[in-house]
Amino acid sequence: MANCEVCHSPASQKCAGCHNVFYCNKEHQKEHWKSHKKQCRPFEMQNDGEIGRHFVATKDIKEGDIIFVEKPMVVGPLQLTLPTCMGCGNYINSKSVTQCSKCGWPLCCKECENNPAHIPECYYTIKRGKKVSVSNFEVHHPIYRCVTVLRCLYQKYFAPDVWKKIVKLESHCKTRENTEGYKEDKIYVADFILNFFQVEELFTKDEILKVCGVIMVNCHEIPLSTPSQNGLFNLTSIFEHNCRSNAYKTFSPNGSVKLIAGTPINKGEHISICYTEPLQTTLYRQKHLADSKFFSCLCKRCQDVTEFGTNLTALKCQNRNCDGVVLPKSFQSPCSHWSCNICGNQVSTEYATDVTKRVGNELVVMDKGSVDDCKTFLKYYEKLLSLNHAYMIDVKLALAQLIGDGSQTLQSLPVDDLLYKQQLCKELIDVIKVIAPAEKRVVGILLVEIYAAKTELQRRKPTNGGNFKKSENPIETILECMTILRRAIACLQHEPDLLFEGKLCQQARKDLEKLEICSKTIFENPSNFA
Ligand SMILES: C[S@@+](CC[C@H](N)C(=O)[O-])C[C@H]1O[C@@H](n2cnc3c(N)ncnc32)[C@H](O)[C@@H]1O
């Protein structure tokens, strides 16, 4: 039996929000809510030698539930960027630029001068006694490298509580010491800040380098401006990585991050997000995590070379008449060769990684806006890559959205293309559900594509005066479309309206409303419809 948070007497009623605190009666729960609501979250922090701090669910969480929402501690431009507005973070150019009247930093409009995000660099520039001047908007401007760092450093004197949280975050400074990035940070960020702003007596070089590491390891891209900005969050930074995560992030228009359960999460389960591209090969994900977050991922997906049977990283066996796929024994321990799961044929690891890199490079330069190029890629590389190789998935994703978009509208497509589009979307959803069930954005988009193709196919069916064959019955299609739209809305419901996915969700809601009215009319009076 636990104790009441208010009077400490034995208590059995737990808070439904977090399952972490208990009360002896409703009145005490109400009384405590004012102070508890800031801490009421369905997870608790734990610490282990391997992952460091991480969060574990304190109650069962349903798929689609908002786990928590938080505002960033610091927001700022990405390290390498063309000049952006110091207020809203959007790109500026020589025509749209104006300067802060106090410090000279570029802004897109006068209102942005008063954006609180801009205070730190404005403060240190005024202190320096000479305005900043940015005049070339076509190249990455080196001065931007220091902005987000400076905004963090500012907290040391003006928001010490936030500063304490920032320096507690993982920076991997020791591991970074020998990297090119660290050497560049030393010159272009630490030395630059100390000399340019003359703040030697306020900050040490090590402090600045620690902040550089914290930003690299913990920041999340906030996609609400063009380009995205970096955001440093207090709790979101603590969530561990998993290549098959059970949670995902979206952002509110005010810049807050929302963490959503992408799958049901059981009490006691670690809550994870994916720090990398979940639809990429294990080779890519592991390199990306090692280079930017400084750890080797040992999640279930990384330990299973078949990636739950999808063979997302596998090559196709080149032995004639063999349908097997070629994979290493493990992605963790170095091995000299990859072998076929059916005939045992071996290729060297060097060959396998070279082929993967080579095709990856071709994909980078390929025009993924061309249906023909995508089809040619798939036809050519199906001989070399497994059916669900990450590169095939990448091109199929582009193709599924391209067919019927652009010069050839859905209305002008042959039936076969519409069926192919639907088929592609369904196959992709099946793979994503296995490999990355929290990738709701992509699944939501694909569901809307299926709905669009299905509607067009139905439109072409002869109505035959209402005497439908079973397979042509529009009522069945309407109900099916409503189910698809509801699934799409469930996937996209948390996306902000200003992003493509949010707009798609709005449209899906409108279409669903129309279909609901239509189906109601048909059910109420089927004879009218015929
Ligand atoms: C954003 S921080 C997460 C919070 C961090 N654990 C802490 O204690 O501050 C990212 C770092 O956590 C560790 N980490 C996160 N997920 C991990 C995982 N799946 N395996 C190993 N380390 C992980 C790595 O050190 C990584 O660089």
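**Note on the ligand shell, domains and local geometry**

1. By residue class, the shell around the ligand is made up of 7 nonpolar, 7 polar and 5 charged residues. The model is a predicted one, and the points below should be read with that in mind.

2. The ligand is surrounded by 19 residues, and the closest are Gly 52, Arg 53, Glu 240, His 241 and Phe 295. Three elements give two or more residues to this shell: β6 (52–57), α7 (205–218) and β13 (240–241). The greatest contribution is that of β6, which supplies 3 residues.

3. Where does the shell stand in relation to the domains, and from which of them does it draw at least three residues? Domain 2 (74–232) and domain 3 (279–398) each provide at least three. The C-alpha centres of domain 2 and domain 3 are 38 Å apart. The full division of the chain also includes domain 1 (1–40) and domain 4 (403–529).

4. Some overall values may be useful for orientation. The chain has 530 residues, of which 35% count as buried, and its secondary structure comprises 17 helices and 20 strands. The C-alpha trace spans about 85 × 65 × 60 Å along its principal axes. Among contacts in the chain with a separation of 6 or more, 60% are between residues 24 or more positions apart.

5. An open sheet is formed by 4 strands in the order β17-β18-β19-β20, with antiparallel pairing. Why is one side of β17 (315–316) and of β20 (346–348) left without a neighbour in the sheet? Both strands stand at the edges and each has a single partner strand, so one side of each lacks a neighbour there.

6. The pairing of β19 (residues 337–340) with β20 is antiparallel and extends over 3 bridges. Within this pairing, Ser 339 has Gln 346 of β20 as its bridge partner. Helix α10 (residues 349–365) lies across β17, β18 (325–327), β19 and β20, and the helix runs at about 75° to β20.

7. Three local backbone features deserve a check by eye. As background, most residues other than glycine have a negative phi, and most peptide bonds are trans. The peptide bond joining Thr 226 and Pro 227 is cis, with omega of about 5°. Pro 227 is placed in the loop between β11 (220–222) and β12 (229–232).

8. Glu 307 is a residue other than glycine with a positive phi, near 50°. This residue is found in the loop between α9 (300–303) and β17. Is Glu 307 buried or exposed, and what do its C-beta neighbours inside 10 Å indicate? Glu 307 has 26 such neighbours and therefore counts as buried, the criterion being 20 or more.

9. Asn 321 also has a positive phi, of about 65°, although it is not a glycine. Its place is in the loop between β17 and β18. Because Asn 321 has 6 C-beta neighbours inside 10 Å, it counts as exposed, for which the limit is 12 or fewer. Thus the two positive-phi residues are set in contrasting surroundings: Glu 307 counts as buried, whereas Asn 321 counts as exposed.

Key
Residues are numbered from 1 along each chain as its sequence is written. This is a predicted model: local features need pLDDT of at least 70, side-chain atom pairs count only at pLDDT 80 or more; totals for chains, interfaces and linings use all residues. A residue is near a molecule or strand if its C-beta atom, placed from the backbone, lies within 6 Å of it. Ala, Val, Leu, Ile, Met, Phe, Trp, Tyr, Cys and Pro count as nonpolar, Asp, Glu, Lys and Arg as charged, and the others, Gly among them, as polar. Domain bounds come from an automatic or database domain assignment. Two strands pair if DSSP finds at least two bridges between them. Two residues are in contact if their C-beta atoms, placed from the backbone, lie within 7 Å. Axes are lines fitted to C-alpha atoms, for helices over the stretch in contact, and angles run from 0 to 180 degrees between N-to-C directions.
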